[in-house]
Amino acid sequence: MLSPMNYPVPMTPTPDAPENLDLYPTAPSNDALGAVPVIDLGPLLAGDEAGLDEIADAVGRACREWGFFQVVNHGVSAQTVDAAWTATREFFARPRTEKERWLRTRENPWGYYNNELTKNRRDRKEVFDFTTDGEDPIYEMENRWPGSPPGFREALAGYRDAVTALGLRLLRAFSVGLGLSPDHFGPLFDTSHTGFVRLNYYPVADPLADSDVVHQPEAELGVHHHTDAGALTVLAQDAVGGLQVFRAGQWHDVHPVEGAFVINTGDMMQVWSNDLYQAAVHRVLAMKGTDRYSIPFFFNPAAGAVVEPLPGAVSSERPPRYRPIPWSDFRYKRTDGDYADYGPEVQISQYRI
Ligand code: OGA
Ligand code: NI
């Protein structure tokens with residue numbers, strides 16, 4: 001395998017630039033760049049070194065080219081995923097006033113929300129966020145679990161644990177792809193990570209249409225274009241579609257593949273890789289005929305992690321491009337910006353050297 005040092009660093013896209021990315025066209029389905037790659041993780045599950053190298057290669061290429069890929073044969077059982085879908089649909093089907101009993105606050109980000117901002121514009125969606133059990137180390141708050149639908153908590157905790165295990169397996173491939181030992185990222189994530197699961201519901205109608213709560217005008221999107229703040233995201237989407245990734249001046253559909261997870265890299269992976277793996281800019285279109293659901297798991301490092309370009313990604317020709325970023329601080333500021341308009345959202349460009 002080529003050392004990460006030998007890959008040309010791609011041009012930096014413009015996620016933070018003020019220009020309006022939403023004015024760019026959607027690529028036709030026969031576009032020359034093809035589609036977001038689908039990777040069979042079978043060789044990684046086999047646990048041998050050759051399998052790990054093969055997957056690290058495929059993952060590395062997908063991250064340099066797209067920042068997105070899908071995985072099949074990933075080891076998470078269909079039963080676990082189905083239980084999470086059922087719980088998600090049942091929860092969002094409850095009346096708004098009931099869901100608002102679990103409303104997040106500025107102090108405690110766990111629970112339900114229907115007024116989320118991305119870059120200070122309101123998305124047409126509802127979410128429910130939860131993390132590991134007990135007090136989380138950043139906000140020092142606990143999950144809010146609704147008592148119903150029955151089995152909600154159990155189904156989702158099982159899902160969270162299964163996608164965490166998948167995330168840890170993927171991080172071994174990321175480590176190898178970046179020229180490090182397979183266990184490099186393990187200690188920053190395994191027992192002390194600050195990852196969380198989000199249930200996303202994208203209704204056709206504006207969920208706040210009949211609400212008298214003060215809210216920002218809605219943007220004509222499910223989620224505004226953004227990059228995810230953490231290391232990597234493991235996302236299940238239903239068959240409706242609408243997720244798009246920005247590459248080379250066009251939006252590309254991330255087509256639903258049954259039973260697959262969509263994986264994308266976030267800001268912290270961009271910093272660790274010293275821009276080799278760009279955090280992909282993505283968005284979700286507003287739903288037209290059918291409501292959509294998705295379940296991302298945002299896999300984030302330990303609260304105490306200080307993220308900076310890794311030795312394998314730095315050389316005299318390619319000096320570090322970022323100052324060290326204290327993860328807790330970054331995450332705290334980004335969540336605040338999603339909750340309400342407290343000024344411009346924090347971006348990694350603010351740490352660029
Ligand atoms: C997100 C996101 C994509 C989707 O929640 O950050 O990008 O398909 N979701 O729901
Ligand atoms: Ni996202």
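**Notes on the predicted model: metal site, sheet and rings**

1. Let's start at the metal. The nickel ion (ligand 2) has three protein donors, His226 (NE2), Asp228 (OD) and His282 (NE2), and they lie 2.1 to 2.2 Å from the ion. Keep in mind while you look around that this is a predicted model. Along the sequence, the donor residues follow the spacing H-x1-D-x53-H. Aspartate 228 and histidine 282 link distant parts of the chain: aspartate 228 is in the loop between β8 (221–226) and β9, while histidine 282 belongs to strand β13, 54 residues apart.

2. Are aspartate 228 and histidine 282 buried or exposed? Aspartate 228 has a relative accessibility of 7%, so it counts as buried, the cut-off being under 20%. Histidine 282 is buried too, with a relative accessible area of 5%.

3. Now find tryptophan 251, which sits in strand β11 (residues 250–253). Tryptophan 251 is 31 residues from histidine 282 in sequence, and the two are 8.3 Å apart in space, C-alpha to C-alpha. Tryptophan 251 has a relative accessible area of 0%, so it is buried. Arginine 283 lies over the face of tryptophan 251, 4.1 Å from the ring centre. You can spot a similar arrangement elsewhere: arginine 247 lies over the face of tryptophan 66, at 4.5 Å from the ring centre.

4. Next, the sheet. Eight strands make up an open sheet with mixed pairing, and their order is β1-β2-β12-β9-β14-β7-β6-β3. At the edges you'll find β1 (38–40) and β3 (111–113), each of which pairs on one side only. Neighbouring strands are turned against each other by 25° on average, direction ignored. As a reminder, strands of a sheet pair through backbone hydrogen bonds, either parallel or antiparallel. Here, β1 and strand β2 (residues 68–72) run parallel and are joined by three bridges. If you want to see how they line up, valine 38 stands opposite glutamine 70 in β2.

5. Which strands does helix α3 lie across? Helix α3 (residues 78–92) lies across β3, β6 (126–130), β7 (196–202), β9 (232–237), β12 (261–265) and β14, and runs at about 120° to β14. Helix α5 (residues 152–177) also packs on the sheet, where it touches β2, β6, β7, β9, β12 and β14. The direction of helix α5 makes about 55° with that of β14.

6. Don't skip the loop between β13 (282–285) and β14 (292–299), where threonine 290 is found. Threonine 290 has a relative accessible area of 47%, so it is partly exposed. Leaving aside neighbours within four places in sequence, threonine 290 is in contact with Val204 and Val240. Valine 204 is 86 residues from threonine 290 in sequence, yet they are 6.3 Å apart in space, C-alpha to C-alpha.

7. Last, the aromatic rings. A search of the whole structure turns up 26 aromatic pairs. Take phenylalanine 330 and tyrosine 351: their ring centres are 6.1 Å apart and their planes stand at 65°, so the pair is edge-to-face. This pair links distant parts of the chain, with phenylalanine 330 in helix α8 (residues 327–339) and tyrosine 351 in the segment after α8, 21 residues apart. Phenylalanine 330 and tyrosine 351 are both buried. There is also a cluster linked by ring pairs, made of Phe91, Phe92, Tyr112, Phe128, Phe130, Trp145, Phe152, Tyr201 and Tyr293.

Methods
Residues numbered from 1 in each chain as written. Chains lettered and ligands numbered in written order. Predicted model: local features only at pLDDT ≥ 70, side-chain atom pairs only at ≥ 80, totals over all residues. Heavy atoms only, no water. Helix = DSSP H or I, 4+ residues; strand = E, 2+ residues; numbered from the N terminus. Buried < 20%, exposed > 50% of the residue type's maximum accessible area, 1.4 Å probe, protein only. Contact = heavy atoms within 4.5 Å. Pairing = 2+ DSSP bridges. Axes fitted to C-alpha atoms, helices over the stretch in contact; angles between N-to-C directions. Donors = N, O, S within 2.8 Å, 3.2 Å for Na, K, Ca; no water. Phe/Tyr/Trp six-rings, centres within 6.5 Å; stacked < 30°, edge-to-face > 60°. Lys NZ or Arg CZ within 6 Å of the ring centre and 35° of its normal.
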